[in-house]
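This report describes selected features of a two-chain model, covering overall composition, a sheet, helices and the contact between the chains. Please read it alongside the sequence and the coordinates shown below.

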Amino acid sequence: MATLEADFTLPLRTFALDLALEVSRTVALVGPSGAGKTSALRVVAGLAGPQRGRVALDGEAWLDTASRLSLPPDRRRVGLVFQDYALFPHLSVRANVAFGSRGRAVDALLERFRIGRLASAHPAELSGGERQRVALARALARDPAVLLLDEPLAALDAHTKAEVRHELAELLRELALPTILVTHDYEDAAALADQVGVLVEGRLRQLGTPAELVARPLDAFVASFTGANLLRGRARRGKGALTAIRLESGEDLYSADEAEGEVGVVVYPWEVSVARAHTPDADSALNVVRGQVGSLVEVANRVRVRVGPLTAEVTAASAERLELAAGGVAYATFKATGTRLVPL
Amino acid sequence: MFSATAVALAFLLLPIVAIFARVSPGELISQFSRPVVKDALLVSLKANGVAQALVLLLGTPTAYLLATRRFRGRSLLVVLVELPLVLPPAVAGIGLIAAFGRLGLLGNTLNAFGIQLGLTQAAVVIAVAYVSSPLYIRQAIATFEAVDPNLVAAARTLGAGRSRTFFRVVLPLSRRGLAAGESLAFARGLGEFGATIMFAGTLQGVTQTLPVAIYQEFNNDFTTALAMSALLVVVSGALLVALRLTLQWQPSKPTSRFLFAPSR
């Protein structure tokens, strides 16, 4: 299996993008917009020249500032799918896909991406999902050794997105190329990538498998980015082996993690149960937050309920049974072992 | 607002209407048989053809460079390129003499190669190219700047080198803008008068272009000058339309891919 190494520093407007990655399967770079994610792809593709760095595929250097080597983009075997797809508006679908194919079979690709019947259409006539498939087919027609995807799902509507995400995951598995994928959506990253790197202001805050990031977020940003609830408070030694955290609202929470001082309490929505009444003796959960029911959002077969400062995820059936409605009062409970304490 | 528009349009059209009101189609056609007119028309077309070919050939890469590269002094260069636009024609003529004339800055160098520009058709070409190229280059810079840089980047990552990217992506996408710029330059070149008469002279059949011939005829016989003017209006109009149609014409899909494409 091929391995892409990328280790470079690229000065951006207000900070420097500083990245060191070793990619042999799919790595997702996630982070807020303006974190330098797209710039990272541009460096690997040869569209941006970093101050210092090395980019190499299986030991063969594409960029090595130490030996003043930098191959132009057309001599790096990358397939880059742009965020807005950057299809050539003056060329048909077939001509777009054939652009970098150098005689390789274009028809097979058109069929594989189900764009054969659109072969003579122009990009302006296509839907978002179709454009995305043309962009992928065009990038693959070039026979890339490395795949770079910039927000491949961002331009799609919610309806198409789930399906396209599934197809893309299959494709990436099948291609088994070193792939760097950029997204601002953690769920997309977790669904598509083997490893996820959280990039903030040009620096990797944490790199790990999606499961690792959720189980052990290194800081408050990573935690909230991965979809966790984040409550701020002050930690002190509590009874037994537990840490007590006094929240800004005055309530006390307990965690099995050890910490002292200002901390963030991280709890994932699926660790939180929701009840209409609270009976302390009948509940093993130590932590109870009473609050007003805010929004109720259905996601597939589950419902995300906002209770006070917390988001909980319950099954649609439970939501119905509890007769949860916005404006009512509910109790959100979670175990001390279901929390993580992170530095703020 | 409507009356202002009516006044402006009337003002712009009236001189042209006035010319045609006084020239019958028969008079217009009979102009073609007069040697002075025939010679002048030929000189105008030949000099403009060569000059516009040079403008396209040298102006296009210049404009692309100025549009896509960021370097120190770039905006100064862009201003300098546009400078001939604001020069009065007489000043342009003097400048050309001072630069390329027998006693000019490059006069000795040109002499050493046995090149004498004064009173030759080459001088007409230079005068026309000088006054018309800024119009083309200016428009071409704006057109190239409007091409989405991501499309250029996409072509590069798909394995196309700089020239293939230019011919297959940038140029086809810029065709309309370039056609508009070249139309303006061509119109300006065809009407070129001041710099030509000063730098190239008025030798019939060699340097006497149609506008120059009209001016000379104006001193002899106003009616003939009028008929020749009508002819120039018709010729410029026809050429402009033809040029626009040629450059904007979208070839059918299969051929378009190879029209400008160099071999890989």
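## Strand pairing in chain A

Two strands are taken to pair if DSSP finds at least two bridges between them. The model discussed here is predicted. In chain A, strand β12 (residues 229-237) and strand β15 (residues 261-267) meet this condition with seven bridges, in the antiparallel sense. Within this pairing, A:Leu230 is placed opposite A:Val266 of β15(A).

β12(A) also pairs with strand β13 (residues 243-247) of chain A, again in the antiparallel sense, through five bridges. Here A:Gly233 faces A:Leu247 of β13(A). β12(A) and β13(A) form a hairpin with five residues between the strands, and A:Gly240 in this hairpin adopts a positive phi near 65 degrees.

## The five-stranded sheet

These pairings belong to an open sheet of five strands in chain A, ordered β14-β13-β12-β15-β21, with antiparallel pairing. The edges are occupied by β14 (252-255) and β21 (339-343) of chain A; each has a single partner strand, so one side of each is left without a neighbour in the sheet. On average, and with direction ignored, neighbouring strands of this sheet are turned by 45 degrees against each other.

At the β21(A) edge, the link to β15(A) consists of five bridges between strands that run antiparallel. One of the facing pairs there is A:Gly264 with A:Val342 of β21(A).

## Overall character of chain A

Chain A contains nine helices and 21 strands. Its C-alpha atoms fill a box of roughly 75 × 50 × 35 Å along the principal axes. Of its 344 residues, 45% count as buried. Among contacts in chain A with a separation of 6 or more, 65% are made by residues 24 or more positions apart.

## Two helices of chain A

Helix α1 (residues 37-45) of chain A is mostly covered, with nine of its nine residues buried. The buried set includes the charged residues A:Lys37 and A:Arg42, together with A:Thr38, A:Ser39, A:Ala40, A:Leu41, A:Val43, A:Val44 and A:Ala45. After α1(A) comes A:Gly46, with a positive phi near 90 degrees.

Helix α5 (residues 158-175) of chain A comprises 18 residues and spans 26 Å between its first and last C-alpha, close to the 26 Å expected at 1.5 Å a residue. The residue that follows α5(A), A:Ala176, likewise has a positive phi, near 50 degrees.

## Helix packing in chain B

In chain B, helix α3 (residues 35-68) packs against α9(B) at an angle of about 145 degrees, and the two axes are 10 Å apart. The crossing of α3(B) with α9(B) is right-handed.

On the α3(B) side, the residues in contact are B:Ser44, B:Asn48, B:Ala51, B:Gln52, B:Val55 and B:Leu56; they meet B:Glu182, B:Ala185, B:Phe186, B:Gly189 and B:Leu190 of α9(B). By class, this contact has six nonpolar residues, four polar and one charged.

## Contact between the chains

Which elements of chain B face chain A? In total, 16 residues of chain B are in contact with 19 residues of chain A. Elements of chain B that give two or more residues to this side are α8 (149-157), α9 (162-190) and α13 (253-259). α8(B) provides the largest share, six residues.

The side of chain B that touches chain A is made up of eight nonpolar, four polar and four charged residues. α9(B) thus appears both among the elements listed for this side and in the packing with α3(B).

Technical notes
Residues numbered from 1 in each chain as written. Chains lettered and ligands numbered in written order. Predicted model: local features only at pLDDT ≥ 70, side-chain atom pairs only at ≥ 80, totals over all residues. Helix = DSSP H or I, 4+ residues; strand = E, 2+ residues; numbered from the N terminus. Expected span 1.5 Å × (residues − 1). Buried ≥ 20, exposed ≤ 12 C-beta atoms within 10 Å, placed from the backbone. Contact = placed C-beta atoms within 7 Å. Axes fitted to C-alpha atoms, helices over the stretch in contact; angles between N-to-C directions. Left-handed = near helix turned anticlockwise from the far one by under 90°.
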